[in-house]
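Open the model in your viewer and switch to a cartoon view. Keep the selection tool ready.

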Amino acid sequence: MSTRIALVTGGIGGIGTAVCRELADRDCTVIACYYPLDEDGAEAWQQRHRAEGYDFAILPVDVTDYRSARVMAETVEQLYGSIDILVNAAGITRDRTLRNMTEEQWGAVIDTNLSSAFNITQPVVRGMIERGFGRIINIASVNGQKGQFGQANYSAAKAGLHGFTMAVAQETAARGVTVNTISPGYVQTAMTMSMPAEIRDRIVQQVPVGRMGTPEEIAFTVSWLADERNGYTTGANIPVNGGMFMSA
Ligand code: NDP
């Protein structure tokens with residue numbers, strides 16, 4: 001992979017961090033986006049990585065805010081140049097059974113996991129089409145493929161995200177831009193480590209590989225999809241779930 005500019009939303013999160021490191025190891029210039037209220041955390045994250053030899057740029061964006069996304073995309077264009085690789089990894093959960101779910105819990109999850117893809121991708125994809133190269137990778141979830149008790153909001157958002165992937169993939173296929181989804185199973189990050197240990201144990205029992213995934217395993221799949229040599233995989237939903245959900 002030659003020097004490309006990669007933008008990762010949720011870039012300082014568990015999976016996002018592994019993606020940033022993997023793409024930097026592949027000689028990309030990496031810009032990690034963080035939630036605007038987390039500036040101190042983002043700077044600390046940047047310093048920690050600098051000490052390890054990673055020179056990541058950081059930029060604030062609220063992925064739920066269309067205008068914030070536009071400003072971020074314009075800033076990247078001015079400071080670093082055109083974005084070649086976009087990884088939409090920002091996401092949240094607000095689990096509740098449908099009967100008890102509030103409108104706020106529904107809306108927050110749809111806005112952060114689904115509308116975010118529209119907000120961030122639209123200002124970026126135009127440049128990719130003009131230049132005839134782009135890689136867009138949307139991080140969904142196994143629970144968007146099979147549904148999950150207590151996650152009507154999250155399952156709907158992640159299933160919708162792959163619908164977005166397939167539609168945009170068709171609009172950009174002839175222009176050198178691929179668009180794909182990765183659907184991870186359960187991965188060891190803050191998102192899953194906040195679950196009670198007995199629930200995590202029960203989940204692992206359902207995983208044929210017998211353990212949770214690592215952020216690095218998701219990042220490796222991102223770098224495979226992002227590679228210049230991979231121009232023929234588009235509109236796909238790549239499962240990285242330890243065999244937890246298999247489909248034909
Ligand atoms: P993390 O919580 O570690 O990372 C998510 C990141 O998204 C955080 O840095 C968070 O910032 C950021 N974020 C949340 N809301 C916004 C917003 N409005 N604007 C900008 N950034 C925001 O989770 P993971 O790394 O585990 O998850 C990454 C992606 O992978 C998510 O889309 C998730 O749904 C998906 N996924 C995760 C799985 C897992 O088992 N961990 C399994 C399947 C899918 P902040 O912390 O400041 O809020």
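The tour goes from the sheet to the helices and then to the ligand. Bear in mind that this is a predicted model.

**The sheet.** Select the strands. They form an open sheet of seven, in the order 3-2-1-4-5-6-7, with parallel pairing. Now find the edges: strand 3 (57-60) and strand 7 (237-240) each pair on one side only. Neighbouring strands are turned by 20 degrees against each other on average, direction ignored.

**One edge up close.** Select strand 6, residues 177-184. Strand 6 pairs with strand 7 in the parallel sense, over four bridges. Show Thr181 as sticks: Asn237 in strand 7 stands opposite.

**Two helices on the sheet.** Select helix 6 (152-172). Helix 6 packs on the sheet and touches strand 5 (134-139), strand 6 and strand 7. The direction of helix 6 makes about 160 degrees with that of strand 6. Next, select helix 3, residues 66-79. This helix also packs on the sheet, touching strand 1 (5-9), strand 2 (29-34) and strand 3. Its direction makes about 150 degrees with that of strand 3.

**The ligand.** Which residues are closest to the ligand? Gly14, Ile15, Tyr154, Val187 and Thr189 are, out of 28 that surround it. That shell divides into 14 nonpolar, eleven polar and three charged residues. Helix 1 (14-25), helix 4 (103-131), helix 6 and helix 7 (190-193) each supply at least two of them.

**Backbone atoms at the ligand.** Select Gly14: a backbone N or O atom lies 2.8 Å from a ligand oxygen atom. For Val63, the distance from such a backbone atom to a ligand nitrogen atom is 3.0 Å. Taken alone, the ligand exposes 880 Å², and the protein buries 85% of that.

Key: Residues are numbered from 1 along each chain as its sequence is written. This is a predicted model: local features need pLDDT of at least 70, side-chain atom pairs count only at pLDDT 80 or more; totals for chains, interfaces and linings use all residues. Side-chain values use heavy atoms; hydrogens and water are left out. A residue is near a molecule or strand if one of its heavy atoms lies within 4 Å of it. A polar contact is a pair of N or O atoms within 3.5 Å; within protein, one must be able to donate a hydrogen and the other to accept it, and residues adjacent in sequence count only if both atoms are side-chain atoms. Accessible areas come from the Shrake-Rupley method with a 1.4 Å probe; for residues, only the protein chains shown count as cover. Ala, Val, Leu, Ile, Met, Phe, Trp, Tyr, Cys and Pro count as nonpolar, Asp, Glu, Lys and Arg as charged, and the others, Gly among them, as polar. Two strands pair if DSSP finds at least two bridges between them. Axes are lines fitted to C-alpha atoms, for helices over the stretch in contact, and angles run from 0 to 180 degrees between N-to-C directions. Contact means heavy atoms within 4.5 Å.
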